[in-house]
Amino acid sequence: MSFALAIVVWVITLAMAAPFVTQTWWMPDSITALGDEIDVAFNYTLIGTGVIFLLAQFALGYAVWQFGKKRSGPASDTHGNDKLEILWTTAALVIFVGLTFFSYSVWAETRFIEQKSMQPTEDRLVIEVTGQQFVWNMRYAGADGVFGPTDIDLIDDAGGNPVGVDRSGAGGADDIMVGEMRVPVNREVEVVLKSKDVLHNFFVPELRIKLDTVPGLVGKLRFTPNKEGRYEIVCSELCGLGHYEMTAFLHVVSEQEYDDWIAEQAEYLF
Amino acid sequence: MTEVQVSPEVSEFTEVHRHPEPKSFWSKYIFSVDHKVIGIQYLLLAVVAVFVGMALSLLVRLRLILPDYPLPLLGTVFPIGAPNGVMTPEFYLAMLTMHGTVMVFMVLTTAPQGGFGNYFLPIQIGAADMAFPRLNMLSFWTTLVSFLLLMAAFFVEGGAPISGWTGYPPLSAVPEATVQGLGQDLWLLSIAVFCIASLLGALNFIVTTLDLRAKGLTMMRLPLTCWTWFVTAILGLLAFGVLLAAGVLLLMDRNAGTSFFVPGGLVVSDKQIDHSGGSPILWQHLFWFFGHPEVYIAILPGMGVTSHVLSTFARKTIFGYKAMVYAVLAIGGLGFVVWGHHMFVSGMSPYSAFVFSVLTMCIGVPSAIKTFNWIGTMWGGRIRFTSPMLYSIGFVSLFVSGGLSGIFLGQPTIDLYFHDTYFVVAHFHLIMGVAAIFGMFAGLTFWFPKMFGRFMSETQSKIHFWATFAGVYLIFGPMHYLGMLPHPRRYAEITGVDYLEQGGAEGLHAFITAAAILTVLAQFLFLYNFVKSIYAGKEAKGRNPWEATTLEWAIPSPPPHDNFGGKVPHVYRGPYDFSLKGAKRDFAMQCNDDKAVFPRPEAASGD
């Protein structure tokens with residue numbers, strides 16, 4: 001019994017860990033420098049916890065095996081070991097808290113974007129993303145670079161004005177509403193996140209970042225994609241019965257392709 | 001009144017006044033104020049609830065792999081949710097919501113504390129009953145009302161709520177955002193009633209532990225089971241009040257036109273919603289202020305049982321008793337200041353994330369102490385592989401596996417990727433769900449001979465252990481890989497997302513569902529074993545068949561009405577005196593004085 005149990009614990013341990021080593025089911029490649037940093041933090045955590053995982057499960061199996069065998073004499077009369085206890089506690093504290101200190105600068109870079117030291121680039125592309133059951137609405141400011149005002153009374157899903165853009169307001173005439181996100185490669189993008197109804201969550205796995213869209217609040221994310229391609233935007237906060245199909249695409253394209261596309265979209269307006 | 005023979009194990013006792021036994025069937029078994037009957041009532045409620053919760057999880061698993069397959073019978077029971085037996089996406093969400101709610105509240109919160117705690121806390125501390133027996137009865141019946149309210153949500157118009165067990169507004173607050181109506185109200189009402197029941201229970205546990213301990217039973221001689229029930233009760237007292245308030249406010253948002261959690265300017269399906277000034281994030285703070293301690297409410301009693309059982313069947317005293325007590329206190333205390341780690345991506349201020357993250361990582365430290373000391377307890381022991389021992393070893397393994405994924409999620413940087421994916425589902429199921437349930441398996445098989453005077457079948461329990469231990473790893477192990485893809489949770493199907501279909505999510509889902517079906521089947525073996533052993537199990541000879549040390553093993557099995565027959569033993573030693581050097585036997589009961597333990601007591605080293 002003792003050896004069988006130890007073997008089962010060890011086999012389960014190795015089987016659980018193996019796909020993390022072979023990377024059979026894995027994250028898609030990151031497409032931002034920030035994403036690469038998050039991957040580094042992830043890898044350190046994986047190694048740290050992986051070693052503890054293997055050691056702890058191995059020790060458990062070993063104890064079960066060794067002290068479950070037939071042995072002569074009574075069990076040892078030990079009540080603890082303060083030195084080991086302190087050593088173990090300190091090690092756990094250093095590893096666990098250390099990991100969080102180590103990775104925290106990436107969090108700051110991702111989320112402290114309102115700070116003075118985190119000024120955005122001048123030519124960043126700002127896109128307003130409004131979640132609603134169960135679609136993503138993307139708004140581009142258009143040629144003038146200014147978002148027009150919105151009015152809740154103008155909201156009309158069927159009429160093609162899902163966020164209520166006031167076309168007669170300053171800068172509103174050339175705002176572009178689309179259901180997909182297209183951005184040029186290597187240019188900073190600022191996503192302004194809003195919601196019309198319930199909570200949603202803007203998540204692009206390749207960007208490694210997500211943020212809830214909260215009605216009544218404005219969220220902001222910045223990223224600079226460095227690889228062209230088509231990536232999926234998925235909703236990661238339960239938003240109702242169509243939650244699973246609330247997806248859209250992020251297309252990262254060349255500067256030229258982006259200019260052509262935005263010009264084409266502007267034509268549809270008139 | 002029946003005379004209760006004092007065990008020869010009891011070196012000395014104090015006579016206290018006795019309480020008359022109830023005569024009628026109703027006062028004895030139904031509206032009983034006896035903590036043991038109430039404990040069993042809680043356990044039975046949890047057994048019913050766990051099978052309901054398991055059936056729901058099976059439906060969820062089936063919907064994921066066979067979205068269009070008509071299931072026989074289902075269409076008859078739920079003609080709207082599952083027309084012709086094909087589950088709609090909202091039915092999937094309803095099952096998911098109810099699965100989480102039933103399991104967290106009606107199983108993980110009731111059985112370990114209300115069930116085992118109620119039954120064994122008074123006996124382990126040498127009390128005739130809980131401090132407030134009538135309050136205790138009220139707790140149970142209030143809990144039952146809460147359960148019935150929750151079950152009623154299945155059968156009202158619109159069916160069960162779909163906003164998840166966390167019930168985030170505005171989805172849960174604005175009826176227009178879901179197809180639900182009364183279901184969500186019943187859900188909230190059930191939660192509110194449950195909170196009241198838990199508050200009453202918590203109060204009772206705290207007073208009982210502080211006031212009713214036998215002579216000589218200092219706090220630092222309490223069995224670790226009692227410590228965990230005590231700390232769990234404190235957590236319950238501080239946490240459930242907050243959830244109660246939040247639940248009432250949300251009920252008012254839904255029904256009284258208030259706007260605590262709903263901001264202005266909402267437009268649902270082209271319709272403007274008449275609310276203004278509320279904050280959806282406020283609900284999340286209140287909910288998780290309760291929700292995180294709730295995790296420890298579920299798992300702490302399991303830790304207590306595991307410590308208790310590991311020591312007993314390793315025939316060795318617990319490694320670092322004091323460290324274990326301080327670790328439980330630290331987990332309980334820290335548990336109240338980490339709730340923000342559920343909200344890293346909620347839109348809450350990003351600056352607070354660092355504090356929540358560091359505090360969260362700190363909880364890893366007492367958890368590491370516990371793991372280290374469990375292994376240390378077995379080290380050098382003489383392990384007896386009884387079924388409770390197997391479940392406890394399983395608990396340790398699951399606790400390690402489920403705990404370490406928390407190191408990823410506790411860092412906001414990495415949580416950015418894993419938040420709300422199956423990685424989280426794997427994490428909390430392993431640690432809060434399955435590990436806690438292994439604690440219950442250990443508790444039930446360990447105490448069964450005391451409760452019913454008979455053993456559960458060891459063979460059947462062991463088969464159940466192997467199947468379930470492997471089964472839960474086969475279910476929740478692969479969920480980590482789904483999380484890597486990353487598969488968002490609460491998706492009724494994977495058809496909407498290209499990378500899931502291409503990334504192998506379908507195969508993993510099929511594997512998980514198959515493993516879930518096998519694991520569920522094994523639970524019927526446990527149920528059969530449990531029910532049958534009550535009347536046909538092998539008789540437990542003597543009062544102390546496991547050769548254990550705590551007070552419950554000094555009284556008859558099953559225990560008489562007032563536990564000790566008015567003769568409360570004195571306590572002379574700590575709870576885990578196994579294999580003492582120079583002792584006559586390899587265990588010394590708490591009620592044994594040195595004369596009873598050592599052939600030459602004057603040579604004993606003392607406590």
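**Helix packing and strand pairing in a predicted model**

Q: How are H1(A) and H2(A) packed against each other?
A: In this predicted model, H1(A) and H2(A) pack with their axes 7 Å apart, at an angle of about 170°. Axes are lines fitted to C-alpha atoms, for helices over the stretch in contact, and angles run from 0 to 180 degrees between N-to-C directions.

Q: Why is H1(A) called roughly antiparallel to H2(A)?
A: Angles over 145 degrees count as roughly antiparallel. The angle here is about 170°, and therefore H1(A) is roughly antiparallel to H2(A).

Q: Which residues of H1(A) make the contact?
A: Among them are Phe3(A), Val9(A), Trp10(A) and Phe20(A); two residues are in contact if their C-beta atoms, placed from the backbone, lie within 7 Å.

Q: What makes E3(A) and E8(A) edge strands?
A: Each pairs on one side only, where pairing requires at least two bridges found by DSSP between two strands. The open sheet has five strands in the order E3-E2-E1-E5-E8 (chain A), with mixed pairing.

Q: How do you know that E1(A) pairs with E5(A)?
A: Seven bridges join strand E1 (residues 125-132) of chain A to strand E5 (residues 189-195) of chain A, and the two strands run parallel. Thr130(A) stands opposite Lys194(A) in E5(A).

Q: How many residues does each chain give to the contact of chain A with chain B?
A: Chain A gives 84 residues and chain B gives 92 residues.

Residues are numbered from 1 along each chain as its sequence is written, and chains are lettered from A in the order in which they are written. In this predicted model, local features need pLDDT of at least 70, side-chain atom pairs count only at pLDDT 80 or more, and totals for chains, interfaces and linings use all residues.

Conventions:
Helices (H or I, at least four residues) and strands (E, at least two) are DSSP runs, numbered from the N terminus. Angles under 35 degrees count as roughly parallel, over 145 as roughly antiparallel, 65 to 115 as roughly perpendicular and the rest as oblique.
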